[in-house]
Amino acid sequence: MSRVHRHRRPARQHGSAYLVTLLSLVVLTIIGLSLSLVTQTERQIGANERTVQRIFYAADSGISAATARAVITFDYSPRTYELRDEDTPSALDIRHEIDISPFVPLLSSPCNLCEINRAGMYGAQNYYRVNHGVTVTATRRGLGDVVLAQKGLSAMVDLQPWRPAPEAYLPITDPEQARKIKF
């Protein structure tokens, strides 16, 4: 007859596997929750970055639009555009409002690169190098005219050869229009 020897564990070790398992589950839960919080924060940062980029490029487009209007149609007046954001659901009513200041000539000097300023060419028309200033404020609005983001952008645009139009200088005499241009 063989005897089977059974070893008894001391009473103090009963349930230690349970405690180790419970402790590891608590640690894994904490790690999972912190990763979830970090992921959520990163998504919010990404969404904010995308909004900042959109509003910056909306303001930059406003400067391009003001420059194009001045070059093509000699229109130096202020303008406001409102564009709907097509990427969002219409129920959110997200839109960009682009407020463009007057396109104002700031400095006019002889065009030192222009061959057309030589005597006898093109009649008696003098061409100049003209630095213009423009400020654009782009605002992203949501439902109920809530301002979601806003960005102001100023630029100096150098045009040469250029014949400045007298109406281009009118906003300088109007204090309200002159206040819109910020450098």
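**Notebook: a look through a predicted model**

I began with Thr-135. Leaving out residues up to four places away in sequence, I found that Thr-135 touches Asp-99, Ile-100, Ser-101, Leu-153, Ser-154, Lys-180, Ile-181 and Lys-182. I note here that the model is predicted.

Next I looked up where Thr-135 sits, and the answer is strand S4. Is Thr-135 buried or exposed? Its relative accessibility is 7%, and the cut-off for buried is under 20%, so Thr-135 counts as buried. I then checked its side chain for a polar partner. The side chain of Thr-135 makes a polar contact with the side chain of Ser-154, at 3.1 Å.

**Ile-100**

Ile-100 was on the list for Thr-135, and I looked up its own contacts. With residues up to four places away in sequence not counted, Ile-100 touches Gly-62, Ala-65, Ala-66, Arg-69, Pro-78, Arg-79, Tyr-81, Val-134, Thr-135 and Val-136.

**The core**

I turned to the largest nonpolar core, which has 21 residues. Which of them touch the most other members? They are Ile-63, Tyr-76, Ile-100, Phe-103, Val-134 and Val-136. I also asked which elements give two or more residues to this core. They are helix H1 (16–73) and three strands: S2 (95–100), S4 (128–141) and S5 (147–162). H1 gives the most, with six residues. I wrote down one general remark beside this: in soluble globular proteins, nonpolar side chains tend to be buried together.

**A patch on the surface**

I then looked for nonpolar residues on the outside. Tyr-18, Leu-19, Leu-22, Val-26 and Ile-30 make a nonpolar surface patch of about 520 Å². I picked Ile-30 from this patch and found it in helix H1. Is Ile-30 buried or exposed? Its relative accessibility is 53%, and exposed means over 50%, so Ile-30 counts as exposed. My note on helix H1 therefore has two parts: H1 gives six residues to the core, and H1 also holds the exposed Ile-30.

**The whole protein**

Last, I looked up the overall values. The secondary structure comes to three helices and five strands. Along the sequence the pattern reads α-β-β-β-β-β-α-α. The protein has 183 residues, and buried ones make up 28% of them. How much surface does the protein expose? The area is about 13,000 Å², with carbon and sulfur atoms supplying 58% of it. Among contacts with a separation of 6 or more, 67% are between residues 24 or more positions apart.

How values were computed
Residues numbered from 1 in each chain as written. Predicted model: local features only at pLDDT ≥ 70, side-chain atom pairs only at ≥ 80, totals over all residues. Heavy atoms only, no water. Core = buried A, V, L, I, M, F, W, Y, C linked by side-chain atoms within 4.5 Å. Buried < 20%, exposed > 50% of the residue type's maximum accessible area, 1.4 Å probe, protein only. Helix = DSSP H or I, 4+ residues; strand = E, 2+ residues; numbered from the N terminus. Contact = heavy atoms within 4.5 Å. Patch = residues over 30% accessible without salt bridge, like charges linked within 9 Å, V, L, I, M, F, W, Y side chains within 5 Å. Areas by Shrake-Rupley, 256 points an atom, 1.4 Å probe, with all protein chains shown as cover. Salt bridge = Lys/Arg side-chain N within 4 Å of Asp/Glu carboxyl O. Polar contact = N/O pair within 3.5 Å; in protein donor to acceptor, adjacent residues only side chain to side chain.
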